[in-house]
Structures are given as C-alpha cells and as structure tokens.
Amino acid sequence: MGLLGVFLGGRLGGYLAVGLLVGLAGRAVDPKGAGGMLVEGLASLAAALLLALQAWGGLRRRRTPCAVSKGAAFERRFGLAGLALLGLVTGLSPCGPFAAVALRGAQSGGPVPAVLLFALFFVGTAVWLLPLGLAGALRRWEAVAHVARLTLVVLALHYAYVGSVLLLARFHHA
C-alpha cells in the first residue's frame, strides 16, 4: 500500500466514525416530530451556509499548493501513522458537501445506513484524490472551477430552501 493508500485509509476511518456518530444521533431524534423538524431545519441551514461559504471562498482563494501533494515529506517526518492521521484530519474538514452528507446520514434511520452513506461519500471523494498529478492542470482550467462553484451555490440554495420550509412548518404548527 502506497502513501496515498495510507492517507486514504485515514480519511475512510474518519468518515466511517462520523457516519456511526451521525447515525446514532439521528436515531435519537424523532424525524417526524417537532424536534426532528427543528434539528433538520437548522442542520439544513448550516449545510447551506457551509456550501455558500465554500463557493464564495473559492472565488477569493489564492492558488496554494495542496498539502496532500507533500505526503512523502510528511511521511518521512511523522511516519505512516502521521500520514494516516493527516488523512483523517483532512477528511473531517467542515465543508459544505461533508455537512450535507452528515445531515443525510442523520436522516438515514440509524448507524448502519449512515456508515454506508459515508463509505460511498469516501469513494466519491477518493476518486478526486487518485489523479493528483492532474490536479495542477485542472486547477488552471477555469471552467472546472466555475462549474464546481456553481454546483456549490445550487446545493446551498437547495438546503436553504429545505431548512427554511422545515423551520416555517415547525413554527407554524407549534
């Protein structure tokens, strides 16, 4: 297993742990009750905010090298366990897509479906890490960045709408 595999193993471990936690938390709240509507509404608005901030941040972000591309130097300094820990920490960064998946995981009905959802999220994010050699070229292609930001904005609007409707329904029926 190469350095990227160790790094991805750390990410997978973090994602599965979060899936377990949000699945357990989601089971504790009755999704059809008033408390569930409140939690889901607030979580949807939080996901919308994170997605919008990520889209807006992408407009202002300076071009900096990806920390993952320095994996070999990191591994020499901190060992394989350190590289796995780096994968875990980067996987737990609070971004909009992560928040959206956490919200869906909490709504999934328990820890098993939430863990499976996070396993699929890992596969979807890992695909983008495999061709790291192309990352520089893709970042220079402005169309890719614009499509990514537009997608984040559309998702942010969706979650803002869902959250607003749930909160309005919650307080209208209270």
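**Helices and a nonpolar patch in a predicted model**

A nonpolar patch of about 330 Å² lies on the surface and is made by Leu49, Leu53 and Trp56. The model is predicted.

Biologist: Which helix is the place of Leu53?

Modeller: Leu53 is one of the residues that make the nonpolar surface patch, along with Leu49 and Trp56. Its place is in the helix of residues 34-60, which is α2.

Biologist: Is Leu53 buried, partly exposed or exposed?

Modeller: Buried means under 20% relative accessible area and exposed means over 50%. Leu53 has a relative accessible area of 45%, so Leu53 is partly exposed.

Biologist: How many helices and strands does the protein chain have?

Modeller: From the N terminus on, the elements run α-α-α-α-α-α-α. The count for the protein chain is therefore 7 helices and 0 strands.

Biologist: What part of the accessible surface of the protein chain belongs to carbon and sulfur atoms?

Modeller: Of the 174 residues of the chain, 32% count as buried. The accessible surface comes to about 10500 Å², and the part that belongs to carbon and sulfur atoms is 73%.

Biologist: Among contacts between residues at least 6 apart in sequence, what share joins residues at least 24 apart?

Modeller: Contact here means heavy atoms within 4.5 Å. In the protein chain, with pairs at least 6 apart in sequence taken as the whole, the share that joins residues at least 24 apart is 84%.

Biologist: What does helix α1 reach from its first C-alpha to its last?

Modeller: Helix α1 covers residues 3-28 and has 26 residues. Its buried residues include Phe7, Arg11, Tyr15 and Val22. At 1.5 Å a residue the expected span is 38 Å, and α1 is close to that, reaching 38 Å.

Biologist: Which residue just after α4 takes a positive phi?

Modeller: Helix α4 has 12 residues, 96-107, and reaches 17 Å, close to the 16 Å expected. Buried residues in α4 include Phe98, Val101 and Leu103. Just after this helix, a positive phi of about 105 degrees is taken by Gly109.

Biologist: Why does Thr125 count as buried?

Modeller: The place of Thr125 is in helix α5, residues 111-129. The cut-off for buried is under 20% relative accessible area. Thr125 counts as buried because its relative accessibility is 18%.

Biologist: With which residues is Thr125 in contact, leaving aside neighbours within four places in sequence?

Modeller: The side chain of Thr125 reaches the backbone oxygen of Phe122 at 3.0 Å, but Phe122 is within four places in sequence and is left aside. Both remaining partners are among the buried residues of α1. The contacts of Thr125 are Arg11 and Tyr15.

Technical notes. Residues numbered from 1 in each chain as written. Predicted model: local features only at pLDDT ≥ 70, side-chain atom pairs only at ≥ 80, totals over all residues. Heavy atoms only, no water. Patch = residues over 30% accessible without salt bridge, like charges linked within 9 Å, V, L, I, M, F, W, Y side chains within 5 Å. Areas by Shrake-Rupley, 256 points an atom, 1.4 Å probe, with all protein chains shown as cover. Salt bridge = Lys/Arg side-chain N within 4 Å of Asp/Glu carboxyl O. Helix = DSSP H or I, 4+ residues; strand = E, 2+ residues; numbered from the N terminus. Buried < 20%, exposed > 50% of the residue type's maximum accessible area, 1.4 Å probe, protein only. Expected span 1.5 Å × (residues − 1). Polar contact = N/O pair within 3.5 Å; in protein donor to acceptor, adjacent residues only side chain to side chain.
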